[in-house]
Amino acid sequence: MTPDAVLAHLRAKLTQTPPPGVSAAYVAGFFDRNDAALRALLTQQLAPRVEGVPTAWGGLRGAVELSREQLVVGQRVVTEEGEHGAVARLTGVVMEMFEPFNAKAGVSQMAYKIPHVLLDSGREERAGALFAELAPPAQIVPDVWVKDQWRAPAWVLRWAKVELSELAAAKSSAQRARGVNQRRAAQERIAKARAGANTQLAALAAWRAENPDAAVPGLTPGALRRLTLEARENLTHDEALELAALQRADAAPSLLNTVEAR
């Protein structure tokens, strides 16, 4: 039913049988005065409901992964990570398959397409699973420049946590090390993990300073500060107390089991 049909029906019904204490002339005047507002409200309410999966920044994607045959260049899509963009190109690949222990089977071929998506942030990425874009995002979050390449903030945050997890494992290994070679290897592993974490976290901190209002799930000021302190080699007494408080306040378990303080 269209908004015009609903308005016409309501107007005729209420004009013919107005509510108690209200005249037919008043009802007609009400519809005349509020025609635009009533029409807009009905248009919104009668619009078909779009069902989909919300994405991180106010968008909406389809629930079912698109097949490669459904993709065309320029098509608006959403990646598995929830980033919106458009298909930039489709690279054709032919894979040859053969059975090593069955010479009579011959060689079979399978052709498929690899999609490359130009994301709204400006980064082009070879994509895996893609979904139809049902509604564009309300906000476009810029990428982070780290290690001479652009990365999504969520990716950098996730990789920083991976490096900190490796740091925790390396420290535990160092405590069990025996002999000069084992201790040297453990210290090199610790230094590498700490450097990796600090690289990711420094890039995130610089990005956050330039984009203070960009929403990234999990990237709160407290979380960034906690991870930064956990990556430090040495902490002052005040920093150790601050880190302990942040670890208690954070719902997620600490990535390090000990606090280094001097």
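These are my notebook entries on one chain, taken from a predicted model.

**Entry 1. The chain overall**

I began with the secondary structure and found seven helices and nine strands in the chain. I then looked up burial: of the 262 residues, 31% count as buried. For contacts between residues at least 6 apart in sequence, I noted that 56% join residues at least 24 apart.

**Entry 2. Helices H1 and H2**

I turned next to the pair formed by H1, residues 3-16, and H2, residues 24-33. Their axes lie 9 Å apart, and the packing angle is about 160°. I recorded H1 as roughly antiparallel to H2, because the angle is over 145 degrees. The crossing of the two helices is right-handed. On the H1 side I listed Leu7, Leu10, Arg11, Leu14 and Thr15 as the residues that make the contact. Their counterparts on H2 are Ala24, Val27, Ala28, Phe31 and Asp32. Sorted by class, the residues of this contact are seven nonpolar, one polar and two charged.

**Entry 3. Helices H5 and H6**

I looked up a second helix pair, H5 (residues 179-210) with H6 (residues 221-231). I noted an angle of about 150° and a separation of 9 Å between the axes. H5 and H6 are therefore roughly antiparallel to each other. Their crossing is left-handed, whereas that of H1 and H2 is right-handed. From H5, the contact involves Arg194, Ala197, Asn198, Leu201, Leu204 and Ala205. From H6, I listed Leu224, Leu227, Thr228 and Ala231. The class count for the contact of H5 with H6 is seven nonpolar, two polar and one charged.

**Entry 4. Ala160**

I then asked which residues Ala160 touches, leaving out those up to four places away in sequence. Ala160 belongs to helix H4, which spans residues 153-176. The contacts I found are with Ala197, Gln200 and Leu201. Two of these names, Ala197 and Leu201, had already appeared in my list for H5 where it meets H6. For Ala160 and Gln200, I noted a C-alpha to C-alpha distance of 5.5 Å across a sequence separation of 40 residues. Ala160 has a relative accessible area of 0%, so I entered this residue as buried.

**Entry 5. Gln75**

I located Gln75 in the loop that runs between strand S2 (60-61) and strand S3 (76-79). Is Gln75 buried or exposed? Its relative accessibility is 19%, so I counted Gln75 as buried, the cut-off being under 20%. The side chain of Gln75 reaches the backbone nitrogen of Val72 at 3.0 Å. Setting aside neighbours within four places in sequence, I recorded contacts of Gln75 with Leu66, Gln70, Gly85, Ala86 and Val87.

**Entry 6. Lys147 and Asp148**

My last look-up concerned backbone angles in the loop between strand S8 (144-146) and strand S9 (149-151), where Lys147 is found. Phi of Lys147 is near 55°, a positive value in a residue other than glycine. Asp148 lies in the loop between S8 and S9 as well. I noted phi of Asp148 near 65°, again positive in a residue other than glycine. I entered Lys147 as exposed because its relative accessible area is 59%. Asp148, at 66% relative accessibility, also counts as exposed.

Technical notes: Residues are numbered from 1 along each chain as its sequence is written. This is a predicted model: local features need pLDDT of at least 70, side-chain atom pairs count only at pLDDT 80 or more; totals for chains, interfaces and linings use all residues. Side-chain values use heavy atoms; hydrogens and water are left out. Axes are lines fitted to C-alpha atoms, for helices over the stretch in contact, and angles run from 0 to 180 degrees between N-to-C directions. Helices (H or I, at least four residues) and strands (E, at least two) are DSSP runs, numbered from the N terminus. Angles under 35 degrees count as roughly parallel, over 145 as roughly antiparallel, 65 to 115 as roughly perpendicular and the rest as oblique. A crossing is left-handed if the near helix is turned anticlockwise from the far one by less than a right angle, and right-handed if clockwise. Contact means heavy atoms within 4.5 Å. Ala, Val, Leu, Ile, Met, Phe, Trp, Tyr, Cys and Pro count as nonpolar, Asp, Glu, Lys and Arg as charged, and the others, Gly among them, as polar. Buried means under 20% relative accessible area, exposed over 50%, partly exposed in between (1.4 Å probe, protein chains only). A polar contact is a pair of N or O atoms within 3.5 Å; within protein, one must be able to donate a hydrogen and the other to accept it, and residues adjacent in sequence count only if both atoms are side-chain atoms.
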